[in-house]
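Work through the exercises below with the sequence and the coordinates side by side, trying each task before reading its solution.

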Amino acid sequence: MRNKANQQPTGARRNNCKGYVEVKTEYGWVFEHRLVYEKASGRKLLPTEIIHHLNGDITDNRIENLAVMLAGAHTQHHKRGTILKAETKAKLSAAKIGKPSPKKLTAEQVLAIRDAYTKGKGGRSAIADAYGITPSMVSHITTRRAWRNV
Ligand SMILES: [Zn+2]
């Protein structure tokens, strides 16, 4: 006999043991935050890309609460975010994931960065952290010295 839990219809939602929301798709249960991001951005997330909940509420899967981070930067953000200074964090993540370049960002991310900054959803270093770029790059983006065409 199959377990009833496995017979949920496509589109069903559940909370997993860590509190994340999962959605049943034709391929099985997937994290709702990844689905939401993939739908909004129109691209598939890489396994190395982690979705971070900006306001810390892991059940809040509104697109404006989601940011893509590389796995390494994300772990560091949570482990050391409150201990290390922004400068040190930038150095650490630059060393770990390689020098960030503005070309690695997508136009959607650039818009999201400007949006988050103008709405005051985080300082430059928090935003930089969320996108795996340096705070000075965030400053270039918000002042349009970088990505002027977006
Ligand atoms: Zn996170």
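The exercises that follow concern a predicted model, and each is paired with a worked solution.

**Exercise 1.** Describe the open sheet formed by β1, β2 and β3, giving the strand order and the way the strands pair.

*Solution.* Begin with the order, which is β1-β2-β3, with antiparallel pairing in this three-stranded open sheet. Next, identify the edges: β1 (13-15) and β3 (28-31) each pair on one side only. From one strand to the next, the twist averages 35°. Then take the pairings in turn. Strand β2 (residues 21-25) is joined to β1 by 3 bridges, and Arg13 has Val23 as its bridge partner in β2. Between β2 and β3 there are 4 bridges, with Thr25 standing opposite Gly28 in β3, and the connection from β2 to β3 is a hairpin through 2 residues.

**Exercise 2.** Determine which strands helix α1 touches where it packs on the sheet, and what angle its direction makes with that of β3.

*Solution.* Helix α1 (residues 32-41) touches β1, β2 and β3 as it packs on the sheet. The direction of α1 makes about 75° with that of β3.

**Exercise 3.** Gly42 lies in the loop between α1 and β4; decide whether Gly42 counts as buried or exposed.

*Solution.* Count the C-beta neighbours of Gly42 inside 10 Å, which gives 8. A residue is exposed if that count is 12 or fewer, and Gly42 therefore counts as exposed. As a further step, look along the chain to Glu108, which is 66 residues away from Gly42, and find that the two C-alpha atoms are separated by 9.9 Å.

**Exercise 4.** Establish how many residues make up the largest nonpolar core and which elements give two or more residues to that core.

*Solution.* The largest nonpolar core has 21 residues, and those with the most contacts inside it are Ala67, Met69, Ile113, Ile127, Ala128, Tyr131 and Val138. Two or more residues come from each of β4 (49-53), β5 (66-70), α4 (107-118), α5 and α6 (135-142). The largest share, 5 residues, is that of β5. For α5 (residues 124-131), a closer look shows that Ile127, Ala128, Asp129, Ala130 and Tyr131 are buried, while just after this helix Gly132 takes a positive phi of about 65°. Val138, leaving aside its neighbours within four places in sequence, is in contact with Ile113, Tyr117, Arg124, Ile127, Ala128 and Ile133.

**Exercise 5.** Classify how α5 is oriented relative to α6, and name the residues that make the contact.

*Solution.* The two helices pack at an angle of about 100°, and their axes are 8 Å apart. Angles of 65 to 115 degrees count as roughly perpendicular, and α5 and α6 are therefore roughly perpendicular to each other. The contact is made on the α5 side by Arg124, Ser125, Ile127 and Ala128, and on the α6 side by Pro135, Met137, Val138 and Ser139. Sorted by class, the residues of this contact are 5 nonpolar, 2 polar and 1 charged.

**Exercise 6.** Carry out the analysis of orientation and contact for α4 and α6.

*Solution.* The axes of α4 and α6 come within 10 Å and cross at roughly 90°, which makes α4 roughly perpendicular to α6. In this contact Val110, Ile113, Arg114 and Tyr117 of α4 meet Val138, Ile141 and Thr142 of α6. The residues divide into 5 nonpolar, 1 polar and 1 charged. Val138 is thus named in the contact of α6 with α5 and in that of α6 with α4.

Key
Residues numbered from 1 in each chain as written. Predicted model: local features only at pLDDT ≥ 70, side-chain atom pairs only at ≥ 80, totals over all residues. Buried ≥ 20, exposed ≤ 12 C-beta atoms within 10 Å, placed from the backbone. Pairing = 2+ DSSP bridges. Axes fitted to C-alpha atoms, helices over the stretch in contact; angles between N-to-C directions. Contact = placed C-beta atoms within 7 Å. Core = buried A, V, L, I, M, F, W, Y, C linked by C-beta atoms within 7 Å. Parallel < 35°, antiparallel > 145°, perpendicular 65-115°, else oblique. Nonpolar A, V, L, I, M, F, W, Y, C, P; charged D, E, K, R; others polar.
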